[in-house]
Amino acid sequence: MASIISDFFGKKGQVYRVSIAPDKMERALALLSIILLTAAVIAVAKGMDQWHILPWQIWAHLATLATALVITPIMLLRKRGDKSHRIFGWIWALSMLATALISFDIRLTNDGNFSLIHILSVITVIGVPVLIISARRRDIKRHRSQARGFIIGALLVAGFFTFPFDRLLGHWLFG
């Protein structure tokens, strides 16, 4: 059992010699994050006349997501491993965790029940501590892979799916 836990969280002191400069994929993810943030800001601005009907959970969810989206390109494009990277990383991780936790109280569709998107919230609640542990153990390869996975899955894919399919931001942006 200890071996499984050790493998899952990374072995202490295990460091991979891999470049941590931004690569093409990370530059693309940074650009997509900026595009998604821009679309969300435009949608929210266009929906101003309906702001009063939204519960606090939606506003908190949007605020924590916006925080993560603002920080994402900064984290992907700047120097890594320094004090600023760690500070931004903690803010990003806590924003992602808060976003996931708040989402459990957002059940405006599916007759008030959980929906499939909540599976992503469960993965995020479990995965963010693993992301932090891999960074603290200096397991750069695992940390980088996990961060990319969260950016792709929890931010970009989930974010882009808030615009179609009769969703609020889609109504505001395209309506």
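This section describes the helices, the salt bridges and selected residues of helix α6 in a predicted model.

Residues are numbered from 1 along each chain as its sequence is written, and side-chain values use heavy atoms, with hydrogens and water left out. Because the model is predicted, local features need pLDDT of at least 70 and side-chain atom pairs count only at pLDDT 80 or more, whereas totals for chains, interfaces and linings use all residues.

The protein contains 7 helices and 0 strands, where helices (H or I, at least four residues) and strands (E, at least two) are DSSP runs numbered from the N terminus. Along the sequence the pattern is α-α-α-α-α-α-α. Of the 175 residues, 36% are buried; buried means under 20% relative accessible area, exposed over 50%, and partly exposed in between (1.4 Å probe, protein chains only). About 10500 Å² of the protein is exposed, and carbon and sulfur atoms supply 70% of that area. Accessible areas come from the Shrake-Rupley method with a 1.4 Å probe, and for residues only the protein chains shown count as cover. Among contacts with a separation of 6 or more, 76% are between residues 24 or more positions apart, a contact being heavy atoms within 4.5 Å.

Helix α2 has 23 residues and spans 33 Å from its first C-alpha to its last, close to the 33 Å expected at 1.5 Å a residue. The expected span of a helix is 1.5 Å times one less than its number of residues. The buried residues of α2 are Glu26, Leu29, Ala30, Ser33, Leu36, Leu37, Ala39, Ala40, Ala43 and Val44. These buried residues pack against α3 (56-77), α6 and α7 (168-174).

Helix α5 (residues 117-136) has 20 residues and reaches 29 Å from first to last C-alpha, close to the expected 28 Å. The helix bends by about 30 degrees at Gly127, and Pro129 follows within four residues; the bend at a residue is the angle between axes fitted to the seven residues ending there and the seven starting there. Gly127 is one of the buried residues of α5, which also include His118, Thr124, Val130, Leu131 and Ser134. After α5 comes Arg138, with a positive phi near 65 degrees.

Gln146 lies in helix α6 (residues 140-160). Gln146 counts as buried because its relative accessibility is 18%. Neighbours within four places in sequence aside, Gln146 is in contact with Val130, Leu131 and Ser134, and these three residues are listed among the buried residues of α5.

The structure holds 7 salt bridges, each defined as a side-chain nitrogen of Lys or Arg within 4 Å of a carboxyl oxygen of Asp or Glu. Side chains of opposite charge can pair when their charged atoms come close. Arg144 and Asp23 form one salt bridge, at 3.8 Å from N to O. This pair links distant parts of the chain, with Arg144 in helix α6 and Asp23 in the loop between α1 (2-9) and α2 (24-46), 121 residues apart. Arg144 counts as buried at 13% relative accessibility, while Asp23 counts as partly exposed at 25%. Glu26 and Arg144 also meet in a salt bridge, at 2.7 Å from N to O. Glu26 lies in helix α2 and Arg144 in helix α6, so this pair ties together parts that are 118 residues apart in sequence. Glu26 is buried, with a relative accessible area of 2%.

A further salt bridge is formed by Arg142 and Asp139, whose closest N and O atoms are 3.3 Å apart. Arg142 is partly exposed at 27% relative accessibility, and Asp139 is buried at 1%. Salt bridges that share partners join Asp23, Glu26, Arg80, Arg144 and Arg148 into one network.

Two other residues of α6 were examined. Lys141 is placed in helix α6 and is exposed, with a relative accessible area of 52%. The C-alpha atoms of Lys141 and Ile20 are 9.1 Å apart in space, although the two residues are 121 residues apart in sequence. Val157 is also found in helix α6 and counts as partly exposed at 40% relative accessibility. Together with Met25, Ile152 and Phe161, Val157 makes a nonpolar surface patch of about 320 Å². Patches are made of residues with over 30% relative accessible area and no salt bridge, with like charges joined within 9 Å and nonpolar side chains (Val, Leu, Ile, Met, Phe, Trp, Tyr) within 5 Å.
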